[in-house]
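Please open the model in your viewer and keep the sequence panel visible beside it. The tour below proceeds by selection: each stop names what to select and then describes what is found there.

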Amino acid sequence: MNKPGLSGSFWPTPQEELLLRAALLDGEEVREAWETVRSSFAIDEHTGDSLRVMPMLHANLRKHGIDDPVLPRLAGMTRRSWYLNQTMLHHAGEALRILDAEGIDTMVLKGTALIERYYKDAGLREMRDVDILVPRRQGPGAMQTLERNGWVPAEPLTEKFRWVNHGMLLQNGKGKCDLHWRLLREFDPPGPDPSVPYWEASVPLTVSGVETRALCASDQLLHSILHGACWDSVHHNRWIADATVVVRSGDVDWSRFLKRAGAGIWAATLRDALSYLRESIRVAVPAEVVADLGRRRFAPRDRLVRRYVSSRPSAEGIAGGFPLAWSRYVRLTATWSVPRAALHFPRYLRVVYGSSAFRKVPAALSRWAGRPRRRPETVRGGDGI
């Protein structure tokens with residue numbers, strides 16, 4: 001959902017925001033949020049990311065002594081989340097042991113790391129799979145190792161996957177493992193592996209008895225926000241809860257966070273996200289951090305790509321998909337010169353669309369270029385957009 005004054009389409013609806021406030025705030029504001037949303041609250045009507053908030057809602061209502069007939073249902077959802085997560089963590093240990101035996105470095109991401117380091121309760125944040133990052137150079141070997149041990153990839157590792165995607169989902173009949181060779185699809189361009197600084201600052205973590213690594217708190221906050229801020233088919237409300245528990249841990253080094261944030265589209269996205277956390281969820285984000293991010297400038301290619309990375313694209317076949325494919329290419333090649341990026345763009349389109357569909361790209365481009373343009377966004381911080 002769009003939100004006035006903030007860019008992107010990754011913001012909660014008004015009802016979702018009330019549920020988040022009831023689940024995450026403290027004191028009288030929890031009761032106020034719950035009383036406001038309660039009259040229209042129908043637990044069976046909630047789907048997707050809203051359901052993932054229910055365990056935290058249950059815990060916070062109980063913490064604040066709020067009694068309600070819906071609490072037993074919420075308690076049942078918490079128990080279900082705990083059971084599913086225990087199963088996932090068990091399979092995470094299996095995958096980590098297999099990779100460790102081959103000398104492959106691993107780092108757990110997202111739910112696995114967040115549960116173990118920040119939530120401290122496997123019932124509070126449901127996972128759907130286990131996310132494991134390996135160094136880019138070890139990606140092919142990690143895939144082969146897991147396949148030899150019964151983990152089946154969701155689809156073949158084609159050239160398109162190597163160019164466009166950040167990971168591959170594998171299953172072993174019981175568990176799911178999302179093996180990453182990039183931190184994020186739009187956050188990890190070709191060239192020297194940019195995840196090296198994140199490995200260097202990572203912290204040790206033990207998952208199901210296996211030693212692995214996790215992002216440090218500053219990098220975890222960055223990753224949680226940017227993962228939620230890149231629009232896809234899932235509405236990512238959970239980034240708000242994840243970012244909240246990371247900040248409240250007190251472990252975030254804000255100087256490192258600002259250093260890793262850089263400039264351009266990600267600085268603006270992080271600024272908006274942290275502003276939202278400060279104003280709507282009462283998270284103690286330093287005002288000077290938001291101000292610093294707001295002063296950072298955009299490169300021309302950042303202005304072009306920002307509209308599509310964090311906003312819902314239209315779905316009109318190849319014409320609708322072209323802007324998103326193009327914007328991802330611009331981000332993936334952000335460290336390349338413009339001539340080099342232009343030279344390789346046709347190959348990228350053939351990889352994304354396939355040889356036969358590639359012939360339709362010029363017509364798609366023509367239709368897209370001829371569309372009426374929306375007025376440019378106005379965002380805070382003087383970044384020129």
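The stops that follow go from the whole chain to single elements and then to side chains.

**Stop 1: the whole chain**

Begin with the entire protein chain, bearing in mind that this is a predicted model. The chain contains 18 helices and seven strands. Of its 385 residues, 55% count as buried. If a surface is displayed, the exposed area amounts to about 17300 Å², of which carbon and sulfur atoms supply 53%. Contacts also reach across the sequence: among those between residues at least 6 apart, 70% join residues at least 24 apart.

**Stop 2: helix H4**

Select residues 71-101, which form helix H4. How many residues does this helix have, and what distance does it reach from its first C-alpha to its last? Helix H4 has 31 residues and reaches 45 Å, close to the 45 Å expected at 1.5 Å a residue. After the helix comes Gly 103, with a positive phi near 75°.

**Stop 3: strand S5 and its partners**

Select residues 176-180, strand S5. Four of these five residues are buried, so the strand is largely enclosed by the rest of the structure.

Now add the strands that pair with S5:

- Strand S2, residues 130-133, runs parallel to S5 and is joined to it by four bridges. One position to inspect is Asp 131, whose bridge partner in S5 is Asp 178.
- Strand S4, residues 167-171, runs antiparallel to S5 and is joined to it by five bridges. Here Met 168 has Leu 179 in S5 as its bridge partner.

Strands S4 and S5 form a hairpin with four residues between the strands. Within this hairpin, Gly 173 has a positive phi near 90°.

**Stop 4: Lys 176**

Select Lys 176, a residue of strand S5. Lys 176 is partly exposed, with a relative accessible area of 34%. This classification follows because a residue counts as buried under 20% and as exposed over 50%, with partly exposed in between.

Next, display His 91 together with Lys 176. The two are 85 residues apart along the chain, yet their C-alpha atoms are separated by 7.6 Å. Leaving aside residues up to four places away in sequence, Lys 176 touches Met 88, Arg 128, Asp 129, Val 130, Trp 151, Leu 169, Leu 170 and Gln 171.

**Stop 5: helix H10**

Select residues 238-248, helix H10. Is this helix mostly covered or mostly uncovered? Helix H10 is mostly covered, with 10 of its 11 residues buried. Among the buried residues are Arg 238, Trp 239, Asp 242 and Val 247.

To see what covers them, show the surrounding helices, including H1 (14-24), H3 (49-63), H5 (110-119), H9 (217-229), H11 (254-261) and H12 (264-280). Helix H10 is followed by Gly 250, which has a positive phi near 80°.

**Stop 6: the nonpolar cores**

Display the side chains of Trp 34, Trp 239 and Leu 274. These residues have the most contacts inside the largest nonpolar core, which has 70 residues. Helix H12 gives this core its largest share, nine residues. A second, separate core has 29 residues and includes Ala 92, Met 168, Leu 179 and Ala 214. Two of those names, Met 168 and Leu 179, appeared at Stop 3 as bridge partners.

Return to Trp 34 and show its surroundings. Not counting residues up to four places away in sequence, Trp 34 touches Leu 19, Ala 22, Phe 41, Leu 57, Leu 61, Ile 66, Asp 68 and Val 70.

**Stop 7: the aromatic pairs**

The tour ends with aromatic rings, which form five pairs in this model. Select Trp 239 and Tyr 276: this pair is tilted, with 6.5 Å from centre to centre and 50° between the planes. Trp 239 lies in helix H10 and Tyr 276 in helix H12, so the pair ties together parts that are 37 residues apart in sequence. Trp 239 counts as buried at 2% relative accessibility, and Tyr 276 is buried with a relative accessible area of 1%.

Then select Trp 254 and Phe 257, an edge-to-face pair with 5.5 Å from centre to centre and 70° between the planes. These two residues are three apart in helix H11, a separation of about one helical turn. Both Trp 254 and Phe 257 are buried.

Finally, add Trp 11 to the display. Ring pairs link Trp 11, Trp 239 and Tyr 276 into a cluster.

Terms used. Residues are numbered from 1 along each chain as its sequence is written. Side-chain values use heavy atoms; hydrogens and water are left out. Buried means under 20% relative accessible area, exposed over 50%, partly exposed in between (1.4 Å probe, protein chains only). Two strands pair if DSSP finds at least two bridges between them. The expected span of a helix is 1.5 Å times one less than its number of residues. Contact means heavy atoms within 4.5 Å. A nonpolar core is a set of buried Ala, Val, Leu, Ile, Met, Phe, Trp, Tyr and Cys residues joined through side-chain atoms within 4.5 Å. Accessible areas come from the Shrake-Rupley method with a 1.4 Å probe; for residues, only the protein chains shown count as cover. Rings of Phe, Tyr and Trp (its six-membered ring) pair if their centres lie within 6.5 Å; planes under 30 degrees apart count as stacked, over 60 as edge-to-face and the rest as tilted.
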